[in-house]
Amino acid sequence: VHVSMLGSLDDIAEWIGIARYEKKNVIEIGAGSGHLARIIAKAAQHVSVYEPCLGLRPEALPESNISLFNEPFTGVHCNNAADLIVCRQVLEHLATPGDLIDQIAGALNLYGHAYLEVPSAEYIIEHCAFNDFHLAHVQYFAEAHLVHLAAQAGLIPIATNRLKDGHDF
């Protein structure tokens with residue numbers, strides 16, 4: 001993560017709200033470099049990081065309250081255990097994103113929250129940002145589409161965070 005991005009990760013943690021993760025159990029799915037997990041871990045009871053990329057090694061997450069799993073998240077061992085699940089820039093890479101959203105919903109406790117972040121298809125269209133089409137992205141989401149998938153899993157949207165001038169939400 002370039003140093004210029006660290007501020008935006010602080011902003012995301014602040015937007016989520018410390019009350020949603022302070023002294024609580026958090027899961028981050030697709031943590032990339034693990035920097036957001038490290039920010040959240042400063043206040044969280046425990047953060048479980050699911051990052052299939054073997055480039056993220058345990059030594060990059062030295063905090064004693066972070067566990068790294070270099071595997072995809074399945075929710076199998078997490079039933080109703082998480083207070084917060086963060087899934088940033090992952091769903092657009094999946095052929096069936098609704099399946100992961102279902103797993104996320106199943107891993108949350110009754111009063112848990114999910115932070116789902118994806119690139120905006122509307123931004124790409126409105127700004128003719130065709131360079132934002134990537135071979136690794138098999139999905140592009142309009143906000144209504146993501147809200148619909150979340151609702152099918154039993155999640156209720158409470159707010160929308162628009163990032164990078166609306167590039168992501």
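## Packing around helix H5 and the nonpolar core

What covers the buried residues of H5 includes helix H3 and strand S5, in a model that is predicted. Those buried residues of H5 are Leu146, Leu149 and Ala150. Because they cover an arc of only 100° around the axis, they fall on the same side of H5, whereas Ala144 and Gln152, on the other side of H5, are exposed. H5 is followed by glycine 154, whose phi is positive, near 90°.

The covering elements H3 and S5 also take part in a crossover. Strand S4 (residues 82-88) and strand S5 (residues 108-117) pair in the parallel sense over six bridges, and the chain passes from S4 through helix H3 (residues 97-107) to S5 in a β-α-β crossover that is right-handed. Within these strands, isoleucine 85 stands opposite alanine 114 in S5.

In soluble globular proteins, nonpolar side chains tend to be buried together. Here the largest nonpolar core has 25 residues, of which Phe73, Leu91 and Ile104 touch the most other members. Strand S1 (25-29), S4, H3, S5 and helix H5 (143-152) each supply at least two residues of this core, and the largest share, five residues, comes from H3. A second, separate core consists of 23 residues, among them Ile12, Ala31, Leu36 and Leu163.

Which residues, then, are in contact with phenylalanine 73 once its neighbours within four places in sequence are left aside? They are Ile27, Ile29, Tyr50, Cys78, Leu100, Gln103, Ile104 and Ala107. At 7% relative accessibility, phenylalanine 73 counts as buried, and one of its contacts, Tyr50, is also its partner in an aromatic pair.

A pair of aromatic rings is described by the distance of the centres and the angle of the planes. The count for this model comes to three aromatic pairs, and the table gives two that involve tyrosine 50.

| Aromatic pair | Arrangement | Centre to centre | Angle between planes |
|---|---|---|---|
| Tyrosine 50 and phenylalanine 69 | stacked | 4.8 Å | 15° |
| Tyrosine 50 and phenylalanine 73 | edge-to-face | 5.1 Å | 80° |

In the stacked pair, tyrosine 50 lies in strand S2 (residues 46-50) and phenylalanine 69 in strand S3 (residues 66-69), so the pair ties together parts that are 19 residues apart in sequence. In the edge-to-face pair, tyrosine 50 again lies in strand S2, while phenylalanine 73 lies in the loop between S3 and S4, so this pair ties together parts that are 23 residues apart in sequence. Tyr50, Phe69 and Phe73 form one aromatic cluster. Tyrosine 50 counts as buried because its relative accessibility is 9%, under the 20% cut-off, whereas phenylalanine 69, with a relative accessible area of 30%, is partly exposed.

The loop between S3 and S4, where phenylalanine 73 lies, also holds valine 76. Is valine 76 buried or exposed? At 53% relative accessibility, valine 76 counts as exposed, in contrast to phenylalanine 73, which counts as buried at 7%. Valine 76 and glutamine 103 are 27 residues apart in sequence and 8.2 Å apart in space, C-alpha to C-alpha, and glutamine 103 is one of the residues in contact with phenylalanine 73.

Notes. Residues are numbered from 1 along each chain as its sequence is written. This is a predicted model: local features need pLDDT of at least 70, side-chain atom pairs count only at pLDDT 80 or more; totals for chains, interfaces and linings use all residues. Side-chain values use heavy atoms; hydrogens and water are left out. Two strands pair if DSSP finds at least two bridges between them. Helices (H or I, at least four residues) and strands (E, at least two) are DSSP runs, numbered from the N terminus. A crossover is right-handed if, with the strands pointing away from the viewer, the path from the first strand over the helix to the second runs clockwise. A nonpolar core is a set of buried Ala, Val, Leu, Ile, Met, Phe, Trp, Tyr and Cys residues joined through side-chain atoms within 4.5 Å. Buried means under 20% relative accessible area, exposed over 50%, partly exposed in between (1.4 Å probe, protein chains only). Contact means heavy atoms within 4.5 Å. The arc is that of the directions from the helix axis to the C-beta atoms. Rings of Phe, Tyr and Trp (its six-membered ring) pair if their centres lie within 6.5 Å; planes under 30 degrees apart count as stacked, over 60 as edge-to-face and the rest as tilted.
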